[in-house]
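Work through the exercises that follow with the sequence and the structure beside you, and try each task before you read its solution.

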Amino acid sequence: MAPPGQDPFAYALSSNSAWAGYKGHQNPEFFSRLASGQSPDILWLGCSDSRCPETTILGLQPGDVFVHRNIANIVSPTDINTAAVVEYAVAHLKVKHVVLCGHSGCGGALASLSDARVGGVLDTWLAPLKALRAAHAEELDSFALAGLDEYVNEDDDCNDAECNERRALRLAELNVQAGVAVLMANPVVCDAIEQRGLQVHGTFFDIGSGRIRDLGFGTTITGKGATNGAKAAEGVGGGGGGGSGRGVVRGHHAQLVFRGDGPVGMQAF
């Protein structure tokens, strides 16, 4: 964020210059290798929310993640934009993992819980979330999400704002589940799963803690309570597979190291 009184765009350009200089000094071959082409292992489908920058929260580097983001991370079978990204990443870049990630505090989920109109094209865009709300009305009306994976009755101590926020968390989870179902029905994805073991993951980013949970939707069931330790990171990255052994997600300096017998750690190379 730009300091008070400084133009945000000018500050961003200055920050970019400092970052490029630092990276180039740290590894003189960094940008030349980056410019030679891309071979990411992960396709990330996420929300446009400014608090959810995929490469940053994954602890990875430019070139490691192919990205598509939209409001409320909605994956619709009729959205040609998302379909084109998925097809290019899966069929041409041959990514090993497709990760759909929802998040806490999602404005789209909150808006979809209201009967009021947002306005403009946003009401059309959020229609799938409204449909999910209607399909799960009994659950959303009767229960509030107490935590990330525990439900309490709405009669418990919970004011309207808190209950609405908890319902939004649950709706955001349901949105990930619905999106994963769309991905699993995509012919390009289906072929890649069958022919080369592509993995599809439904995940959830908690902004308040910075942690990513594996929701257990997709090709591998890891359990609703999984955290971003060994289970959520299982097999992700170059050389990883099925959570066995040791796999390293390619970074160029400090790298995330995944081990099947322990949590993710940082290691300098």
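## Exercise 1: A histidine and its surroundings

His103 has a relative accessible area of 2%, and because buried means under 20%, His103 counts as buried. Please keep in mind throughout that the model is predicted.

Task: find where His103 lies in the chain, and list what His103 is in contact with beyond its neighbours within four places in sequence.

Solution. Begin with the secondary structure, where His103 is placed in strand 3, which covers residues 97-103. Next, leave aside the neighbours within four places in sequence, and the contacts of His103 that remain are Cys47, Asp49, Arg51, Cys52, Asn73, Ala172, Phe204, Phe205 and Ile207.

## Exercise 2: An annotated site

Task: state which residues carry the feature "binding site" in UniProt, and then examine how they are placed in space.

Solution. According to the unreviewed UniProt entry, the feature "binding site" falls on Cys47, Asp49, His103 and Cys106. Although these residues are spread over 60 residues of sequence, they cluster in space, with a largest C-alpha distance of 9.0 Å. Now take Cys106, which is found in the loop between strand 3 and helix 5, and which is buried, with a relative accessible area of 7%. Asp49 also counts as buried, at 16% relative accessibility, and it forms a salt bridge with Arg51 in which the closest N and O atoms are 2.7 Å apart. Arg51, with a relative accessible area of 41%, is partly exposed.

## Exercise 3: A salt bridge between two elements

Task: explain why the salt bridge of Arg69 and Glu54 ties together parts that are 15 residues apart in sequence.

Solution. First look at the pair itself, in which the closest N and O atoms of Arg69 and Glu54 are 3.3 Å apart. Then place each partner: Arg69 lies in strand 2 (residues 65-70) and Glu54 in helix 3 (residues 54-58), so the salt bridge links these two parts of the chain. Finally compare their accessibility, for Arg69 counts as partly exposed at 27%, whereas Glu54 is buried at 10%. Elsewhere, salt bridges that share partners join Glu139, Arg170, Glu173 and Arg213 into one network.

## Exercise 4: The nonpolar interior

Task: identify which residues of the largest nonpolar core touch the most other members, and which helix gives the most to this core.

Solution. The largest nonpolar core has 36 residues, and those that touch the most other members are Leu43, Leu45, Val90, Val95, Val98 and Leu183. Several elements give two or more residues to this core, including strand 1 (42-47), helix 4 (80-92) and strand 7 (211-218). Helix 9 gives the most, with eight residues. A second, separate core of 10 residues includes Cys52, Leu60, Val99 and Ile212. Such groupings illustrate a general point: in soluble globular proteins, nonpolar side chains tend to be buried together.

## Exercise 5: Nonpolar residues at the surface

Task: name the residues that make the nonpolar surface patch of about 330 Å², and decide whether Val118 is buried, partly exposed or exposed.

Solution. The patch is made by Ile71, Val118, Val121 and Leu122. Within this group, Val118 is found in the loop between helix 5 (107-112) and helix 6 (121-125). Its relative accessibility is 44%, and since partly exposed lies between the cut-offs of 20% and 50%, Val118 counts as partly exposed.

Definitions and conventions
Residues are numbered from 1 along each chain as its sequence is written. This is a predicted model: local features need pLDDT of at least 70, side-chain atom pairs count only at pLDDT 80 or more; totals for chains, interfaces and linings use all residues. Side-chain values use heavy atoms; hydrogens and water are left out. Patches are made of residues with over 30% relative accessible area and no salt bridge: like charges are joined within 9 Å, nonpolar side chains (Val, Leu, Ile, Met, Phe, Trp, Tyr) within 5 Å. Accessible areas come from the Shrake-Rupley method with a 1.4 Å probe; for residues, only the protein chains shown count as cover. A salt bridge is a side-chain nitrogen of Lys or Arg within 4 Å of a carboxyl oxygen of Asp or Glu. Buried means under 20% relative accessible area, exposed over 50%, partly exposed in between (1.4 Å probe, protein chains only). UniProt positions are given in the numbering used here, feature names are shortened, and annotations may be inferred rather than shown by experiment. Contact means heavy atoms within 4.5 Å. A nonpolar core is a set of buried Ala, Val, Leu, Ile, Met, Phe, Trp, Tyr and Cys residues joined through side-chain atoms within 4.5 Å.
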